[in-house]
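Happy to go through this one with you. Have a look at the entry below, and then we can ask how its labels are earned.

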Amino acid sequence: MTKPVWLLNGPNLNLLGLRQPEIYGRETLADVVAACERLAGELGLALHALQSNHEGQIVEHIHAAREAASGIVINPGAYSHTSVAILDALNAFEGPVLEVHISNIHRREAFRHHSFVSGRAEGVIAGFGTEGYLFALRRMRSLLK
Ligand code: CA2
């Protein structure tokens, strides 16, 4: 059986839909995961969704993904801009990695313009709202063919 795609969401993304809708939209994380599960089903992919507010926990999830995931779609949240540890963990993962940002990080504060994860990712999607996760899943399907 094909391994699932892992959808990893980083810190504060559990608050989606509850605050700052002008930046992150009105959908909750549960809504986003449900939409991703629906699309994954249509694409013939299995999906395993996780969210953590803790850098080390995200690193542990990526380690577990080495055996259990075919690919990773990750929104590392603010850790995108700070975490060499998450980059190193992703470098130890052999499958495709796609990075998603709900907002257009390049149009925001300068400290958000650089992502450590982007240097590892096969592709980066930013500024398409929560639809970006769906675009990433479609691309992941192509990469896994
Ligand atoms: O645009 C994105 O997806 C980000 O990864 C979101 C991160 C931010 O630090 C990155 O620069 C860009 C923040 C996620 C915070 O999510 C919230 C959602 C609702 C209310 C408060 C925070």
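The questions below concern a predicted model, and they take up the ligand site and an aromatic pair.

Q: What makes Phe128 and Phe135 an aromatic pair?
A: Their ring centres are 5.5 Å apart, and the cut-off for pairing is within 6.5 Å, so the two rings qualify. By this rule the count comes to one aromatic pair.

Q: Why is the pair of Phe128 and Phe135 called edge-to-face?
A: Good one to check! The planes of Phe128 and Phe135 make an angle of 85°. Edge-to-face applies over 60 degrees, so that is the label this pair gets.

Q: Why does Phe135 count as partly exposed?
A: Phe135 has a relative accessibility of 33%. Buried would need under 20% and exposed over 50%, so Phe135 falls in between.

Q: How do you know that His81 makes a polar contact with the ligand?
A: An N or O atom in the side chain of His81 is 2.7 Å from a ligand oxygen atom. The limit is 3.5 Å, so the pair counts. A polar backbone atom of Ile102 also lies 2.7 Å from an oxygen atom of the ligand, and for Ala78 the backbone distance is 3.4 Å. The protein covers 94% of the 510 Å² of accessible area that the ligand has on its own.

Q: Which residues surround the ligand, and of what kinds are they?
A: There are 17 of them, with Asn75, His81, Ile102, Ser103 and Arg112 the closest. The shell divides into eight nonpolar, seven polar and two charged residues.

Note on methods. Residues numbered from 1 in each chain as written. Predicted model: local features only at pLDDT ≥ 70, side-chain atom pairs only at ≥ 80, totals over all residues. Heavy atoms only, no water. Phe/Tyr/Trp six-rings, centres within 6.5 Å; stacked < 30°, edge-to-face > 60°. Buried < 20%, exposed > 50% of the residue type's maximum accessible area, 1.4 Å probe, protein only. Near = heavy atom within 4 Å. Polar contact = N/O pair within 3.5 Å; in protein donor to acceptor, adjacent residues only side chain to side chain. Areas by Shrake-Rupley, 256 points an atom, 1.4 Å probe, with all protein chains shown as cover. Nonpolar A, V, L, I, M, F, W, Y, C, P; charged D, E, K, R; others polar.
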